[in-house]
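User: I've got this model open at the bench and would like to talk through a few helices and loops. Can you take my questions one by one?

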Amino acid sequence: MKKPELDQSLKDEAAFFDDLINSKLRDGTIPIQADYRRATKFLPENDGEREIIDPKLYKIVEGELHDEMISRISFQGGKVLDICCGPGALSLELARNGLDVKGYDISESAINTARLMAKENPFTDGFGKLEYFCQDVNTIDFTSEKYSTIVGNSAFHHIYDLEMFLEKCYHSLEPGGLMVTFDDIGFSKMDYFLKNLFLFILPKYGLSYKQKMMRLWQYIFAGKKVSNEIFSPMEVWASKHDTASNEILDFWTKKLKTEKIIYWGAFSVQVCNATKGPDWFRYSVARFITGLDRFLIKIGVCRGFYRIIYSTKK
């Protein structure tokens with residue numbers, strides 16, 4: 001990619017996430033990505049364009065993995081570098097656990113939201129240190145500090161020169177330091193099939209059963225493939241489900257000492273966040289779907305749309 005094209009893609013990336021964050025903040029809502037503890041419940045009802053915010057549902061579907069990540073990084077202690085921190089929920093939670101955290105993101109709206117959440121934070125006992133920087137993470141000065149942990153929550157597949165960036169991360173990591181990556185790696189065929197099967201069977205926000213039947217008709221007879229997965233400009237450039245995903249796996253398993261690899265969320269996240277109905281119904285469905293998802297991954301029927309890797313510097 002030539003420099004003018006790269007510069008434009010980075011501007012588009014910032015604008016993409018500005019729009020995404022601003023859409024989550026409408027009506028004074030606090031998204032889970034901004035503050036795990038203070039997120040405000042929002043159900044889109046007939047508005048299929050907005051994402052659900054439901055802290056209890058999040059805890060059922062993703063809470064265990066979230067708690068594990070916070071616990072492991074907090075146990076590591078020291079200074080933390082949060083790559084592509086977004087509106088700051090992870091950075092904020094780690095600082096609440098007494099860590100010294102620096103978060104970087106290219107989106108001005110994301111960083112402004114993160115700073116506001118930090119300013120309004122009522123959980124101050126044992127609070128560490130927290131700084132946010134609005135800049136392209138590729139321009140971080142890695143020579144100025146050493147970190148105990150470098151973490152990227154859906155981050156590293158946005159980097160345009162990933163090999164060079166990871167080498168910089170490696171050299172700024174303390175001996176025995178921890179690197180954590182959380183990535184979506186795409187659906188396997190079975191993941192994709194089960195996701196669409198449950199989305200068709202269960203009531204869904206923003207899509208009636210009549211509309212579902214019309215989509216099924218288009219798929220069968222017109223060959224029209226429907227996908228609700230959205231890629232940011234830099235995810236397209238980095239080829240996140242192919243080149244970037246493989247580079248990340250190689251680095252975490254060969255350059256570093258692998259501690260743990262978790263594959264999860266074959267279809268549960270997409271299905272549970274889309275299911276419409278009263279709370280008792282949605283939460284019951286979430287428990288069943290999440291349990292089934294984990295079981296099918298465990299026995300090898302599904303792969304998992306998400307991958308988390310914990311590795312340490314040798």
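User: What should the 20 residues of helix H12 span at 1.5 Å a residue, and how far apart are its end C-alpha atoms?

Analyst: First, a bit of housekeeping: this is a predicted model, where local features need pLDDT of at least 70, side-chain atom pairs count only at pLDDT 80 or more, and totals for chains, interfaces and linings use all residues. Residues are numbered from 1 along each chain as its sequence is written, and side-chain values use heavy atoms, with hydrogens and water left out. Helices (H or I, at least four residues) and strands (E, at least two) are DSSP runs numbered from the N terminus, and the expected span is 1.5 Å times one less than the number of residues. For H12, residues 279–298, the expected span is 28 Å, and the end C-alpha atoms agree with that at 28 Å.

User: Which residues of H12 are buried, and how wide an arc do they cover?

Analyst: Buried means under 20% relative accessible area, exposed over 50%, and partly exposed in between (1.4 Å probe, protein chains only). Arg282, Tyr283, Val285, Ala286, Ile289, Thr290, Asp293, Leu296 and Ile297 are the buried ones in H12. They sit on the same side of H12, because the arc they cover around the axis (taken from the directions from the helix axis to the C-beta atoms) is only 165°.

User: Why would residues three or four places apart point the same way?

Analyst: It comes down to the helical repeat. An α-helix has a fixed number of residues a turn, so residues three or four places apart point the same way, and that number is 3.6.

User: Which elements cover the buried residues of H12, and which residues are exposed on the other side?

Analyst: The cover includes helix H2 (55–61), helix H7 (189–201), strand E6 (257–264) and helix H11 (268–274). Flip to the other side of H12 and the exposed residues are Trp280, Phe288 and Lys298.

User: H7 is part of that cover. Which of its residues are buried, and within what arc do they fall?

Analyst: H7 has 13 residues and reaches 18 Å from first C-alpha to last, close to the 18 Å expected. Its buried residues are Asp191, Leu194, Lys195, Phe198 and Leu199. Looking down the axis of H7, these line one face of the helix, because they fall within an arc of 130°.

User: Where does Thr275 sit, is it buried or exposed, and what is it in contact with?

Analyst: Thr275 lies in the loop between H11 and H12. With a relative accessible area of 2%, Thr275 is buried. Contact means heavy atoms within 4.5 Å, and leaving aside neighbours within four places in sequence, the partners of Thr275 are Leu202, Pro203, Tyr205, Phe281, Arg282 and Val285.

User: What does Val285 touch?

Analyst: Val285 is in helix H12, and its relative accessible area of 11% makes it buried. Not counting residues up to four places away in sequence, Val285 touches Leu202 and Thr275.

User: And Ser268: which residues is it in contact with?

Analyst: Ser268 belongs to helix H11 and counts as buried at 2% relative accessibility. Asp191 is 77 residues away from Ser268 in sequence, with 9.5 Å between their C-alpha atoms. Leaving aside neighbours within four places in sequence, Ser268 is in contact with Val61, Ile289, Thr290 and Asp293.

User: At what angle do helix H3 and helix H4 pack, and which residues make the contact?

Analyst: Axes are lines fitted to C-alpha atoms, for helices over the stretch in contact, and angles run from 0 to 180 degrees between N-to-C directions. H3 (residues 63–76) and H4 (residues 89–96) have axes 10 Å apart and pack at about 50°. That makes H3 oblique to H4 (under 35 degrees would be roughly parallel, over 145 roughly antiparallel, 65 to 115 roughly perpendicular, and the rest is oblique). The residues making the contact are Met69, Ile70, Ile73 and Ser74 of H3, with Leu90, Glu93 and Leu94 of H4.

User: Where is Cys84, and what is its phi?

Analyst: Look in the loop between strand E1 (79–83) and H4. At 18% relative accessibility, Cys84 counts as buried. Cys84 is not a glycine, yet its phi is positive, at about 50°.

User: Is Ser154 buried or partly exposed, and what is its phi?

Analyst: Ser154 is in the loop between strand E4 (147–153) and helix H6 (162–172). Its relative accessibility is 25%, so Ser154 counts as partly exposed. Ser154 is a residue other than glycine with a positive phi, near 55°.
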